[in-house]
Amino acid sequence: MAWDEWEGLKADAVARGSAQMQLNQYPADQGGGAPAGASEDLKSDKKAWVKAGEGVTGLKDGISTALTKLSDGQAGLGETSGCLSAAAQKELYDSWKKYVGDVSSRCGELGGLLERSGHDLSTSDEAVMGELDKLKVKYEDTEAVGGRAKEN
């Protein structure tokens, strides 16, 4: 996945104000430790996790709109044999259609993971990291195919 595009999607979500997170922590003047009698466990807000998950899942709407526009732009292309530019354009469309579909799926799965983590804060950090690693492998970026001449 092109990281600049991913960063752009995240920036759009932030601009919409759809996902905000607040960390609850002890003030810095307490030396980093918990005050006497307080738990040293991390304080987390279920609502923040759920809202972050909803924000990431909400990115699918914009992606779906973009995919529809991409598809509409293909209307009327017709037969591509005999016209190299039409064949190249069709190949590019197919590539981007898959890519944008994968981005949409990734947003759905990541958003769902964040939401589930918020609903069940008893899940260990290791378990959440394991799920994130699975997503990373599933949606591992592939080598870019555009912008180069194809070998015949």
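What follows is a guided reading of this structure, with most attention to one pair of helices.

The model is predicted, so local features need pLDDT of at least 70, side-chain atom pairs count only at pLDDT 80 or more, and totals for chains, interfaces and linings use all residues. Residues are numbered from 1 along each chain as its sequence is written, and side-chain values use heavy atoms, with hydrogens and water left out.

The protein contains four helices and zero strands, where helices are DSSP runs of H or I with at least four residues, strands are runs of E with at least two, and both are numbered from the N terminus. Read from the N terminus on, the order of elements is therefore α-α-α-α. Of the 152 residues in the protein, 22% are buried, a label that requires under 20% relative accessible area, while exposed means over 50% and partly exposed lies in between, computed with a 1.4 Å probe on protein chains only.

Helix H2 covers residues 46-74 and helix H3 residues 84-119, and the two pack at an angle of about 165 degrees with their axes 7 Å apart. Here the axes are lines fitted to C-alpha atoms, for helices over the stretch in contact, and the angles run from 0 to 180 degrees between N-to-C directions. That angle makes H2 roughly antiparallel to H3, because angles over 145 degrees are classed in this way, whereas those under 35 count as roughly parallel, 65 to 115 as roughly perpendicular and the rest as oblique. The crossing of H2 and H3 is left-handed, which means that the near helix is turned anticlockwise from the far one by less than a right angle, a clockwise turn being right-handed. By class, the contact of H2 with H3 has 15 nonpolar, twelve polar and six charged residues; Ala, Val, Leu, Ile, Met, Phe, Trp, Tyr, Cys and Pro count as nonpolar, Asp, Glu, Lys and Arg as charged, and the others, Gly among them, as polar.

How far apart are the end C-alpha atoms of H2, and what span should its 29 residues have? The end atoms of H2 are 43 Å apart, which agrees with the 42 Å expected at 1.5 Å a residue, the expected span being 1.5 Å times one less than the number of residues. Just after H2, Gly76 takes a positive phi of about 85 degrees.

Several residues along H2 can be followed one by one. The buried residues of H2 include Val50, Gly53, Val56, Leu59 and Ile63. Ala52, also in helix H2, is buried at a relative accessible area of 13%, and its C-alpha lies 9.0 Å from that of Gly118, although the two are 66 residues apart in sequence. Thr68 of H2 counts as partly exposed at 42% relative accessibility, and is 9.6 Å, C-alpha to C-alpha, from Lys97, which is 29 residues away in sequence. Ser71, again in H2, is partly exposed at 34%, as is Asp94 at 36%, whose place is in helix H3; Ser71 and Asp94 are 23 residues apart in sequence and 9.7 Å apart in space, C-alpha to C-alpha.

The last stop is the largest nonpolar core, a nonpolar core being a set of buried Ala, Val, Leu, Ile, Met, Phe, Trp, Tyr and Cys residues joined through side-chain atoms within 4.5 Å. Of its 15 residues, Ile63, Cys107 and Leu110 touch the most other members. The elements that give two or more residues to this core are helix H1 (3-15), H2 and H3, and the largest share, six residues, comes from H3.
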